[in-house]
Amino acid sequence: MRKILLNLSLLLLLSLQALAQSREVSGTVTDQSDGSALAGVNIIVKGTAIGTATDGSGRFRIQVPNGASLLVVSFIGFVTQEVPLTESTTLVISLEPAANELQEVVISVGSRGPQRTITDTPLPVDNFTAKELQTTGQLTFDKALQYRVPSFNTVNTPVNDATSLFDPYEIRNLGPSRTLILINGKRKNLTALVYTQTSPGRGETGADLSAIPTDAIKRIEILRDGASAQYGSDAIAGVMNVILKDRYEGTTVSVNTGSTLKYGGAGYGINYNSGANFGDKGFINYNLSFNRQESAIRKDPIDAARDFSDLTDGSPTAQSAVNAFLQRFPDGLNKNGTPDNTSAKFLINTAIPVGNGSEVYANAAYVYRKTRSFANYRQPYWRIDQGLLHKRIPGAPDYTGVDYEGGPNGAAVQAAFAADKAAGLYQGYIGYQPSFDGDLSDYNGTIGFRTADLGGWKQDMSLTVGGNKMLFTVDNTVNRALVKNSPTSFKPGGFAFNHLVGNIDFSRPISDKLFIALGSEFRSENWELIAGDTASYSSEGANSFPGFQQQNAIRVNRFNFGAYADITWDITEHFLIGGTYRSEIYSDFGSANVYKLTSRYKFGESFTLRGSVSSGFRAPTLHQQYLSLTQASFVGGDIVNTGLANNVSKEARLIGVPKLKAEKANNISFGFGLNPSSNFSLTVDYYQVRIKDRIIYSNEVSDNIQGVQIDNISFFINAAETKTSGVDFVASYRNLPLGRGKVVINLAGNYTIKNELVGGYQALNTNFGYDIYNQTQESILTTSRPKSKIILGLDYSVGKFSVNLNNTLFGKTTFNNADLNENLTLEFIPNVVTDLGVQYNFTPNFSGSLTFQNLLNRFPEYKLKANNAIGESILANPAQVKDEVNNITFNGRYPVLTYDGSQFSQLGSMYLLQFNYKF
């Protein structure tokens, strides 16, 4: 007892001593826009874990250590403030709404001239904070953008081999190759993969946006305009600049878990962000994250009658085998969904002041990701392979040299190894499903020196490196030509890409009205095709994904040098004009010279007119010039191996394919911005992009030329001319009172007026002399992304609660699928996806959120439309309609997306639960 009293006395003494070394500070926190009290505001003594929150009247009290100098005051929807502690013990704090802050944030993308605010820039720029992306409930950066940026589109495709490592994305329906990605203003490396599936993004490559950890982002700027003159190749559709977190504002740990509501796909993740500040402007900020996402699998029934017709010899024995198997396994054991995904990401950003307004800065990131996806299940009535038969069933008969696919011997094997069909049990051979593992490493890093005054000039000199490597493994399959000697696991090879970029930029004001900038860039790029093991590519190669042949293995390099000059002239306080000229020389295809002219006129502070005219270019990637492969694909249920001849091959020369050159573009945009009050803003912009010599991935071509037989060869070629035009609009109304809280309403949209291939695919074929393009590929190029997309968001904050309601209207998309009758078109009808998120601040340091994605459980919906009278007669016959649907869904295996894709996910409702703690 005496010991307990002694401890209590000691505790009381320590508490009194602590109180003697601190003082009480009280005060109120209000909304700067209208003076109303703010409840639930977080107040923390900087550098400590001491904190509190305001009550319902906006008042607070907090014990502050005598040595403390700052209070950090933060609240959702408002700008975080650091309030100095003075001798006064009573504070009156006024917080600025964050939405207003975004209107005045300085934009760094779009001009080499003086930085301007959103309301002052002559170009259309979207600006999003990391918090806005996180409220989407999406785990990856690219999928979060899908539900925040109307002109940005991406979606998982149903075919998930190498493409499980890269989902193509587009701005303004122009493909991933034509949007330049920057990290803190410096070019990010491309992925090593060329997307070759017959779905949106075919023949394209781009930077891996999913490799960028969302928790490391401070904000994102998206320039919706051509910018080749400022930044060089790839910036035809626009530029996305990812700005990383800089000044340290406390250590945060967040954990999350989520899943679909019906199809599995459970996932979890943990993110850690920390750092330190030194001096007035020095900082280090770093982020670590780990995420695990299991496969989400749909189980859609297969049409037994159609499988019997397509995949067997039509015998009564085969009929019994099909019926028995699909009665036991209606989905045929097929796995249609998203890949299994595990990733680890590390990113660091730092700046070190070195005096006289100069600093050394650096950032670096590394990502490792491993995925597993699945090919179509090989049902036993469809495919019986000797290698797997012998490895799974000891003593299996030797059918060496016999074709097992649906023939009489296949029926014999079925009869020999079928289990008790009445019991639905299948002992022994029941088919197999090949799996595909991808191992990805992606890295980027920049180090630079920036000075504010070098003889009147600002200077920024930097060196950037980056790379992406993919290695593949195919399991649970065989090389059929090797029969029982075939391995069941293969290493089919992979791809690698890296670049080194050097930049030096100078800028200075000539007067208070005239500003000039000069700069140059050197870039060296390397791309490599890595051959697979011999068994993966010999003869037929590994079933489902043949390996890359040793004869196609290659490592290539190129370099380019560019220089630009930029001038900005504020003729008056309201009238601005600007111009940029750029010239680049490439070691492999020649040179490019481009320009840009911009202008803006302000009618007071509330209305602005703006516009630009520019030319642009996109250099052919090394991937497109040198990729050679044997590609396995499905046509009518059959596996077809076709070849891609690289641009410098003998086959390409014989067919008459010229060396690739740069695409050329012309951009026009004009629009207006309206800001009648601090709470309302509206921008509307029209754009038109015309691309000549657009690079396409061709059809397979066969011919006998000069005695050389060429079979099923495809290639990349500058063959297309496209015209794209549309309208973007963004409207926001802030600080709308509702009860005791405030509502922010955001409405943004993109409408494509025209996206066409000039002359259609027939003109391409006529011009080249071969059928290098078809209706399927034209639709993927021009109509496979939503014609319109509108996002309506409502953000409501009151006390410790905040609610986000987001509605995304996906407009129609149309496809002319490869197996669909040419007299029909498939059209995905417009659909609305609703997301709801709720966040609660339990304490100033601890918060939680729950987001329901696709709350109303909507799925993509399509219909078949007739192109002519023949098409109408097909649609009038239910049996023919069923046949056409089976054609495009592989007999029901892919009933929602079809093989070509759709506007949004096929997995219905999902949820994400997150908790955040700040130290």
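Is Glu756 buried, partly exposed or exposed? I looked up its relative accessibility, found 31%, and therefore entered Glu756 as partly exposed. The model I consulted is predicted.

**Entry 1. Glu756 and its surroundings**

I located Glu756 in strand E39. Leaving aside neighbours within four places in sequence, I found Glu756 in contact with Glu721, Thr722, Lys723 and Thr782. I also looked up the pair Glu756 and Leu781, which stand 25 residues apart along the chain. Their C-alpha atoms are separated by 8.4 Å.

**Entry 2. The protein as a whole**

I then turned to the overall figures. The protein has 919 residues, of which 56% count as buried. Its secondary structure comes to 16 helices and 47 strands. I noted how far apart in sequence the contacting residues are: among contacts with a separation of 6 or more, 69% join residues 24 or more positions apart.

For confidence, I recorded an average pLDDT of 86, with 87% of the residues scoring at least 70. Residues 4–20 have a pLDDT below 50, and this stretch has 2 contacts in the model beyond near neighbours in sequence. Residues 99–107 also have a pLDDT below 50, but for this stretch I found 36 contacts beyond near neighbours in sequence.

**Entry 3. Helix H13**

Which residues of H13 are buried? In this helix, which runs over residues 760–768, I found Gly760, Leu764, Asn765 and Phe768 buried. I set beside this a general point: an α-helix has 3.6 residues a turn, so residues three or four places apart point the same way.

I next looked up what the buried residues of H13 pack against. The list holds two helices, H12 (650–655) and H14 (775–782), and three strands, E35 (680–697), E38 (716–738) and E39 (741–757). Strand E39 is already in my notes as the strand that holds Glu756. After H13 comes Gly769, with a positive phi near 95°.

**Entry 4. The nonpolar cores**

Which members of the largest nonpolar core touch the most other members? I found that the core has 58 residues, and that Phe141, Leu145, Leu209, Met240, Phe472, Phe495 and Trp527 are the ones in question. Strand E35 gives the most to this core, with 4 residues. Apart from this core lies another, of 19 residues, including Ala652, Ile655, Val657 and Ile705. In soluble globular proteins, nonpolar side chains tend to be buried together.

I followed Trp527 further. Not counting residues up to four places away in sequence, Trp527 touches Ala192, Phe495, Ala496, Phe497, Ile554, Arg555, Val556, Leu622, His623, Tyr626 and Leu627.

**Entry 5. Leu347**

Leu347 lies in strand E22. I counted Leu347 as buried because its relative accessibility is 5%, under the 20% cut-off. Not counting residues up to four places away in sequence, Leu347 touches Pro213, Ala216, Leu244, Asn285, Tyr286, Asn287, Ala364 and Ala365. I checked Ala365 in particular: Leu347 and Ala365 are 18 residues apart along the chain, and their C-alpha atoms are separated by 4.1 Å.

**Entry 6. The cavities**

How many cavities of 30 Å³ or more does a search of the whole structure find? I recorded 16. The largest cavity holds about 910 Å³ of space. Its lining has 44 residues, and those closest to its centre are Gln138, Thr140, Lys143, Asn156 and Gln293.

I sorted the lining residues by character and obtained 13 nonpolar, 24 polar and 7 charged. Helix H4 (141–146) supplies at least two residues of the lining, as does each of the strands E17 (252–260), E19 (282–293), E22 (340–355), E44 (831–841) and E47 (910–918). Strand E22 is the strand in which I had placed Leu347.

**Entry 7. Two positive phi values**

Most residues other than glycine have a negative phi. I therefore looked up two residues with positive values, and noted the general rule beside them.

Val483 is found in the loop between strand E25 (457–475) and strand E26 (489–509). Its phi is near 40°. With a relative accessible area of 15%, Val483 is buried.

Asn891 is found in the loop between helix H16 (878–889) and E47. Its phi is near 60°. Is Asn891 buried or exposed? I found 1% relative accessibility, so Asn891 counts as buried.

Definitions and conventions:
Residues are numbered from 1 along each chain as its sequence is written. This is a predicted model: local features need pLDDT of at least 70, side-chain atom pairs count only at pLDDT 80 or more; totals for chains, interfaces and linings use all residues. Side-chain values use heavy atoms; hydrogens and water are left out. Buried means under 20% relative accessible area, exposed over 50%, partly exposed in between (1.4 Å probe, protein chains only). Contact means heavy atoms within 4.5 Å. A nonpolar core is a set of buried Ala, Val, Leu, Ile, Met, Phe, Trp, Tyr and Cys residues joined through side-chain atoms within 4.5 Å. On a 1 Å grid over the protein atoms alone, a cavity is a set of points where a 1.4 Å probe fits but cannot get out, and a pocket is an open set with protein on both sides within 12 Å along at least five of seven lines; lining residues have an atom within 4 Å of a point. Grid points are joined across faces, edges and corners, and a volume is the space filled by probe spheres set on the points. Ala, Val, Leu, Ile, Met, Phe, Trp, Tyr, Cys and Pro count as nonpolar, Asp, Glu, Lys and Arg as charged, and the others, Gly among them, as polar. pLDDT is the predictor's confidence in each residue, from 0 to 100.
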